[in-house]
Amino acid sequence: MSIRAPFAWRSRIRFVDTDASCRIHYSALFRHLETAEDEFMRSLGFAYSERAPAHLSYPRVHVEADYLAALRYDDPIYITVGVSKLGTTSYTLEFNVYLEETSEVAASGIITVVCMSTKTQKAHALPEDLREALSPHRT
């Protein structure tokens with residue numbers, strides 16, 4: 001049995017991400033998590049812009065974050081992404097944000113995504129190929 005390494009996306013804290021103290025503004029972290037999510041899904045072959053069938057959408061229904069260490073302007077970071085829950089109509093991604101220079105976990109977060117029918121506006125079963133792509137990334 002092989003253990004798959006977690007997906008990781010590298011970035012940097014930009015000036016626009018910070019508040020007057022030059023630390024990350026709490027809301028800016030979610031842009032970084034969302035970008036890591038987007039790149040993770042793209043690596044699985046499921047870019048949100050190319051999802052089929054067209055009658056499904058993937059709204060976020062829950063987000064949260066814990067800030068564990070200062071993230072300052074120009075800090076290089078990397079974000080790991082894993083799947084903490086995989087349900088019939090939803091999945092939850094978990095994120096760890098590391099300061100690249102020390103490998104210290106500076107923040108963690110989760111995002112829960114639901115598959116929704118745009119016709120009925122109700123939860124819809126996750127497409128089987130998406131479930132199969134997400135499954136090996138369970139944490």
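Before anything else, one definition: when I say polar contact, I mean a pair of N or O atoms within 3.5 Å, where one must be able to donate a hydrogen and the other to accept it. Please keep in mind, too, that what we have here is a predicted model.

With that definition in hand, let's start with Thr112. Its side chain makes a polar contact with the side chain of Thr92, at 2.9 Å. Thr112 sits in strand E6, and it counts as buried because its relative accessibility is 13%, which falls under the 20% cut-off. What is Thr112 in contact with, leaving aside its neighbours within four places in sequence? The list is Pro59, Arg60, Val61, His62, Tyr91 and Thr92. One more distance from the same spot: the C-alpha atoms of Thr112 and Val63 are separated by 6.5 Å, though the two residues are 49 apart along the chain.

That takes us to the sheet. As a reminder, strands of a sheet pair through backbone hydrogen bonds, either parallel or antiparallel. Here five strands form an open sheet, and the pairing is antiparallel. Reading across, the order is E1, E4, E5, E6, E3. Which strands are at the edges? Those are E1, residues 7-12, and E3, residues 60-67, each of which pairs on one side only. Between neighbouring strands the average turn is 20°, with direction ignored.

Let's walk across it, beginning at the E1 edge. E1 and E4 run antiparallel and are joined by six bridges; if you'd like a residue pair to look for, Arg10 has Tyr78 in E4 as its bridge partner. Next, E4 and E5 are joined by nine bridges, again antiparallel. In that pairing, Val81 is matched with Phe95 of E5. E4 and E5 also form a hairpin, with three residues between them. Over at the other edge, E3 and E6, the latter being residues 104-114, pair in the antiparallel sense over seven bridges. There the bridge partner of Val63 is Ile111, in E6.

Let me stay with E4 for a moment. Nine of its 11 residues are buried, so E4 is largely enclosed by the rest of the structure.

And what lies across the sheet strands? Helix H1, residues 28-43, lies across E1, E3, E4, E5 and E6, and it runs at about 140° to E1. For a residue on E1, have a look at Ser11, which is placed in that strand. Ser11 counts as buried, because its relative accessibility is 17%. Not counting residues up to four places away in sequence, Ser11 touches His32, Asp75, Pro76 and Ile77.

Now for the core. In soluble globular proteins, nonpolar side chains tend to be buried together. In this model the largest nonpolar core has 34 residues, and the members touching the most other members are Phe40, Leu71, Tyr91 and Leu134. At least two core residues come from each of E1, H1, E4, E5, E6 and helix H2, which is 128-134. Which element gives the most to this core? That is H1, with six residues. Phe40 is a good place to zoom in: setting aside residues up to four places away in sequence, Phe40 touches Phe7, Val81, Val83, Leu93, Leu134 and His137.

Two loop residues are worth a stop as well. Cys22 is in the loop between E1 and H1, and its phi is near 65°, a positive value in a residue other than glycine. Ser103 lies in the loop between E5 and E6, with phi near 60°, which is also positive in a residue other than glycine. Are they buried or exposed, or something in between? Cys22 counts as partly exposed, because its relative accessibility is 34%. Ser103 counts as partly exposed too, at 43%.

Last, the cysteines. How many disulfides does the structure hold? Zero. We have just met Cys22, partly exposed at 34%; Cys115, on the other hand, is buried, with a relative accessible area of 0%.

That's my tour. If you have the model open, try putting Thr112 and Thr92 on screen to see their side-chain polar contact, then turn to Phe40 and its contact with Leu134 in the core. Thanks, everyone, and I'm happy to take questions!

Note on methods: Residues numbered from 1 in each chain as written. Predicted model: local features only at pLDDT ≥ 70, side-chain atom pairs only at ≥ 80, totals over all residues. Heavy atoms only, no water. Pairing = 2+ DSSP bridges. Helix = DSSP H or I, 4+ residues; strand = E, 2+ residues; numbered from the N terminus. Axes fitted to C-alpha atoms, helices over the stretch in contact; angles between N-to-C directions. Contact = heavy atoms within 4.5 Å. Buried < 20%, exposed > 50% of the residue type's maximum accessible area, 1.4 Å probe, protein only. Core = buried A, V, L, I, M, F, W, Y, C linked by side-chain atoms within 4.5 Å. Disulfide = S-S within 2.5 Å.
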